[in-house]
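Q: Please take a close look at one part of this model, the place where two helices pack together, and then set it beside the strands and the cysteines.

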Amino acid sequence: MDINVLECRRFIAPSAKSIIKRIVTDYELDFHIKGERIINIDKRECKVKAGDICFRRPGQEVYSFGDYDCYLLTLDFSGKELSNQYSRNAVNPMQPICNDSIVAFLPDIISPDCINEFDLLFTELSQQTDLSSEYSKNVAKQILFLLNTQVLRQKIEKQTDTELSVDRIYKYINENFLKTITLNQLSQFVHLDKTYLSRLFKNKFGVSPIDYVIYLRLDHARNLLLSTNMTVADISACCAYKNISFFISCYKKKYGLTPAEHRKQMWRKNK
């Protein structure tokens, strides 16, 4: 991977009232040490705190405001000629987009766990007098590789947590389907957006969470119809249906018969 370090320096920004928009021309990483910042990247507003790394690509429109202290690291993958007076705010030629996976899949904001390691690397690079040296390039590569490792690990952990959340919902429904259950309750239970949760559940189990609740309730109602003398009204209430007409309608939709018709049919078969 060909890489040039265009700049790496400490930058302290006082709280700004004015907003100056600019177009990013190179690859930019800001490692925040102190303070807070609001940055808008292609009309996406991001909140940045100490320990976060903000990543930007050529062609993006950005502006920000806040009172913060950070390291600025600007990189080139195109082999452009280096300048001793490089500035992000100057008129620079637009660097082509790099397809290398080391930068292709990085998100706008990364919140790494190993903040101290990044602090050491950014500090080390900012103290180099020759940013074109192989040593400087290698330190920049270490930053990118460590960043990608963090992003990948966090993605895997998030996927694992999400899968566990879906399994928790499945277990919860099986244990509580005779109680009042709503999609809002389920989403709050695992702290996931209800639409996202419903999609994940359906992808894994083939039905939405609420359809699975209905399936369990009607299956339980069927067993009660065939194994007890409970009235249809009592079975409806037992299976968490407050409206008996709605219960009968749902039952008929699933089994093709009303509960009373289904019971009679089964009794005839068992005689």
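A: In this predicted model, the axes of helix α2 (residues 115-126) and helix α3 (residues 134-176) come within 10 Å of each other and cross at roughly 160°. Because angles over 145 degrees count as roughly antiparallel, α2 and α3 are described as roughly antiparallel to each other, and their crossing is left-handed. On the side of α2, the contact is made by E117, F118, L121, F122, E124 and L125, while α3 contributes Y135, S136, V139, A140, Q142, I143, L146, L147 and Q150.

From the helices one can turn to strand β3, which spans residues 27-41 and is mostly covered, with 11 of its 15 residues buried. Strand β3 is joined by 14 bridges to strand β6 (residues 61-76), and these two strands run antiparallel; within that pairing, G35 has Y68 of β6 as its bridge partner. Strand β3 is also joined to strand β5 (residues 53-56), again in the antiparallel sense, by 4 bridges, and here E28 stands opposite R56 of β5. A further antiparallel pairing links β3 to strand β4 (residues 44-49) over 6 bridges, in which R37 has V48 of β4 as its bridge partner. Strands β3 and β4 form a hairpin with 2 residues between the strands, and in this hairpin D42 takes a positive phi near 50°. As background to reading these strands, side chains in a regular strand alternate between the two faces of the sheet.

The cysteines complete the picture. A disulfide is a covalent bond between the sulfur atoms of two cysteines, and with a cut-off of 2.5 Å between the sulfur atoms, the count for this model comes to 0 disulfides. In the case of C8, the closest cysteine sulfur is that of C70, and because the two sulfurs are 10 Å apart, they are too far from each other for a bond. C114 is likewise in no disulfide, since its nearest cysteine sulfur, that of C8, lies 16 Å away. As to their surroundings, C8 is buried, with a relative accessible area of 7%, and C114 also counts as buried, at 13% relative accessibility; both values fall under the 20% limit that defines a buried residue.

Methods:
Residues numbered from 1 in each chain as written. Predicted model: local features only at pLDDT ≥ 70, side-chain atom pairs only at ≥ 80, totals over all residues. Heavy atoms only, no water. Buried < 20%, exposed > 50% of the residue type's maximum accessible area, 1.4 Å probe, protein only. Pairing = 2+ DSSP bridges. Axes fitted to C-alpha atoms, helices over the stretch in contact; angles between N-to-C directions. Parallel < 35°, antiparallel > 145°, perpendicular 65-115°, else oblique. Left-handed = near helix turned anticlockwise from the far one by under 90°. Contact = heavy atoms within 4.5 Å.
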